[in-house]
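Here are some worked exercises to try with the model open beside you. Attempt each task before you read its solution.

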Amino acid sequence: MRAHRRLARVSLLSVVIAAAFLAAAVAVSRAEEKKPGAVIVLSRADAAASTASAAGEQPDPYLWLEDIDGERALAWVRAQNAETARKLESQPIYKELYANAKAALDSASRLPAVEQRGKWVYNFWKDDKHSRGIYRRATLDELRKPEPAWQTVLDVDALAAKEGKPWVFHGMSCLQPTYKRCLVELSPGGGDAEEIREFDSETLAFVAAPEGFALPTAKTNIAWRDENSVFVGTDFGPGSLTDSGYPRIVKLWKRGTPIAEARTIYEGKQASVSVNGFRLRSNEGNVDLVSEGLDFWTTAYQQLVGDRLETLDLPATAEVSDLFRGRLIVALKEDWQREDKTFKQDSVLIADPAALRGGQGKVEVLVEAAANEVVEDVDAAESGILVTMLDSVRGRLYRYEPAPPGETADGRTSTGWSRRLVPFPDNGALGVTSVDASSGDAFVKYESFATPPTLYYVADANPAPEQVKQQQPTFDGSRFEVTQQWTISADGTKVPYFQVAPKGMALDGSHPAHIFSYGGFRNALVPSYSGSYEQLYGAYGKMWLERGGVFALANIRGGGEFGEKWHQGAVKPNHVHAFEDFEAVAADLIARKVTSKEHLGIEGRSNGGLLVLSTMIRRPDLYGAVICGSPLADMRRYHKMLAGASWVAEYGDPDKPDEWAYISKYSPYQNAQTGKGYPPIFFYLSTRDDRVHPGHARKMAARLEEQGYDVTYFEEIEGGHGASVTNEQLAHRLALSYTHLWNRLGNK
């Protein structure tokens, strides 16, 4: 039931998360926020004019580094990479850390993230024999065995070798209930742009055109309508993309016909982010929708009824997420006054589509968040609805079922729905990785900072978790204590963070500490065996914790840990609060004598890269080292570079003087100065990142070097926004990062 989720916006974080899930095949169908963006090419004159448009601004001396594949720019990259290899790779600790990372990433026991489709359970897997991965499947009974007999569905390494292209697997979405017809997404080099090919899951072969659906590489939205038609938005030629570089037009494409003959269903605005068509399915009826992302946080929904589109009466910030028995599941991000009833912010509704079109039917509350509890995800099963929630950033899973009015088992008053807790271990993160459309059975993953990922099977008929598999520990988690700490930000807001530290640790300020955070786009950071949101299979425990380090995960504003108000607390002029919250966490670790400035390192990537760059410039007195991945840095031009225009609703528009007034105060590229004592910094990114332009990191590194700071830089050729494709590439980047930290922060 997840395959429809191709909404018309992408956070900077989402593809990194998706890449982790893709390594386990979950992102095949969970790519909710994966799809914005095509490359926008600016001429040098256009770029220079834009940069110097504000009064008093000087021409950008490093504009040439925005020429992604330019000879001069790539020569600079090669020189930087060579210097980084000289500085870090020759050190014994690098070799040890690389071995640690590679062992964790290649461990045969690591948990396969799976998706059930009928009798088959699918998984995407990488190992030392399959660096680009194999898409494989097994039966549920086979999966329960210690050593399942997997059947290879698609060997990406073999395909890449055969066709001479560096293919990266981005998923396979199959049409229920038979799952015979599938759409494979392949990216050349790992960027967001993908080639689409139809695949037959019975013959295990591609379906050749013209019989099969196939599209060349582009940023494409495509979803099955039925066996012989798909909704599609792609690069149809001039004028078919939005200013953000994503599809502006949705067409209905019938099997066996050329794409040029596909019927246009809807054309969105040029200034919108993206337009998307998809079908939601249930046994009680299907619903065809077209969504237009007006900006990153507002969407207009229309239902295709026959050949006519009818607008759904919903708040612009609402999100349609699933379908249960023919009724839409809708998440609210603001209060909604409908007739004589007010539906509260962060609640989840269930609604008859006809009622939202002005006809007969009901709109009612399914979930209403309370206190520190917030809905994280909603998944429709066959006989009930699974709701994943965060309670003070700890995972909970509830099952909601239709029920007569009255008091429920947990003491709540039912308004037509019963709620019961699906029991899982406490103090960790939960994720529903798959719900089978036919049976309603689900797979759920649990993990914590010290507990390896564990896969559970939750049958629809008896929703009691059955443990199926658990990864073998990468490190000795019993040596460490996990606590949730709270500190006070500059404006008085209480901000939580998790701390992972040795049991009985002396509070003497001597411990190397590492803070990871993000702070934007409504993305919640939850307890993870990988430390960060990236799937690293516990490598951080071996590379950092067991060597004497302390780890902290900061739940700062801008994320979704406490609902939409927490997110809005760092949007546009409030974005500075994310920096203040992060600085409060760093100061608290120092005040509590966990660490000291000389031993404190920080890391962020994407929007988190902007975070660590900005706070490094604001408060260099707090940090001893910085890791900055795939960052935004030049906030004067971010909206003119690749997919940047889609994020104006999060940061603001630099071309508007009143909005540039607050952005300009924290934009790293404009605010870096000589003689401020910035800590040593390590940049990593990918040339093939078609989400956040590589020019951000390149220009920032060049400027800091010019100003005399200690800069280490590594740019992987492929990998997209995730900055790696193979386990070797990821292990290399992790080893460089932690070598940088240990060199700068020291080990007690």
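**Exercise 1. Which residue of β31 does G431 stand opposite, and how do β30 and β31 run?**

Solution. Step one: G431 stands opposite K445 in β31. Step two: strand β30 (residues 429-435) and β31 run antiparallel and are joined by six bridges. Here helices (H or I, at least four residues) and strands (E, at least two) are DSSP runs, numbered from the N terminus, and two strands pair if DSSP finds at least two bridges between them. Step three: look at the connection, where β30 and β31 form a hairpin with six residues between them. In that turn, G440 has a positive phi of about 85 degrees.

Before going on, please note the ground rules. This is a predicted model, in which local features need pLDDT of at least 70 and side-chain atom pairs count only at pLDDT 80 or more, while totals for chains, interfaces and linings use all residues. Residues are numbered from 1 along each chain as its sequence is written, and side-chain values use heavy atoms, with hydrogens and water left out.

**Exercise 2. Find the partner of β31 that holds T454, and decide how enclosed β31 is.**

Solution. Step one: T454, in β32, is the bridge partner of Y446. Step two: β31 and strand β32 (residues 454-458) run antiparallel, with five bridges joining them. A hairpin of six residues makes the connection from β31 to β32. Step three: check burial, where buried means under 20% relative accessible area, exposed over 50% and partly exposed in between (1.4 Å probe, protein chains only). Six of the six residues of β31 (residues 442-447) are buried, so this strand is largely enclosed by the rest of the structure. Step four: recall that side chains in a regular strand alternate between the two faces of the sheet. On β31, A442, V444 and Y446 cover one side, F443, K445 and E447 the other, and all are buried.

**Exercise 3. In which sense does β38 pair with β36 and with β39?**

Solution. Step one: strand β36 (residues 513-516) pairs with β38 in the parallel sense over four bridges, and H514 stands opposite G601. Step two: β38 also pairs with strand β39 (residues 625-629) in the parallel sense, over five bridges. There, R605 has G629 as its bridge partner. Step three: six of the six residues of β38 (residues 600-605) are buried. L600, I602 and G604 point one way, and G601, E603 and R605 the other.

**Exercise 4. Is R225 buried or exposed, and what does R225 touch?**

Solution. Step one: locate R225 in strand β10 (residues 221-226). Step two: its relative accessible area is 18%, so R225 is buried. Step three: list its contacts (heavy atoms within 4.5 Å), leaving out residues up to four places away in sequence. R225 touches V230, F231, L252, R279, R281, D288 and L304.

Now do the same for F343 in strand β21 (residues 341-343). F343 counts as buried at 2% relative accessibility. Among its contacts beyond four places in sequence are W336, L349 and V363.

**Exercise 5. Where are the cis peptide bonds between Q176 and P177 and between A209 and P210 placed?**

Solution. Step one: the bond joining Q176 and P177 is cis, with omega about 5 degrees, and P177 is in the loop between β5 (167-174) and β6 (181-188). Step two: the cis bond joining A209 and P210 has an omega of about 10 degrees, and P210 lies in the loop between β8 (205-206) and β9 (214-218). Step three: return to the loop between β5 and β6, which also holds Y179. Y179 is not a glycine, yet its phi is positive, about 60 degrees. Y179 counts as buried at 7% relative accessibility.

**Exercise 6. What is the phi of F521, and where is F521 found?**

Solution. Step one: F521 has a positive phi of about 55 degrees although it is not a glycine. Step two: F521 is found in the loop between β36 and α8 (539-543). Step three: with a relative accessible area of 1%, F521 is buried.
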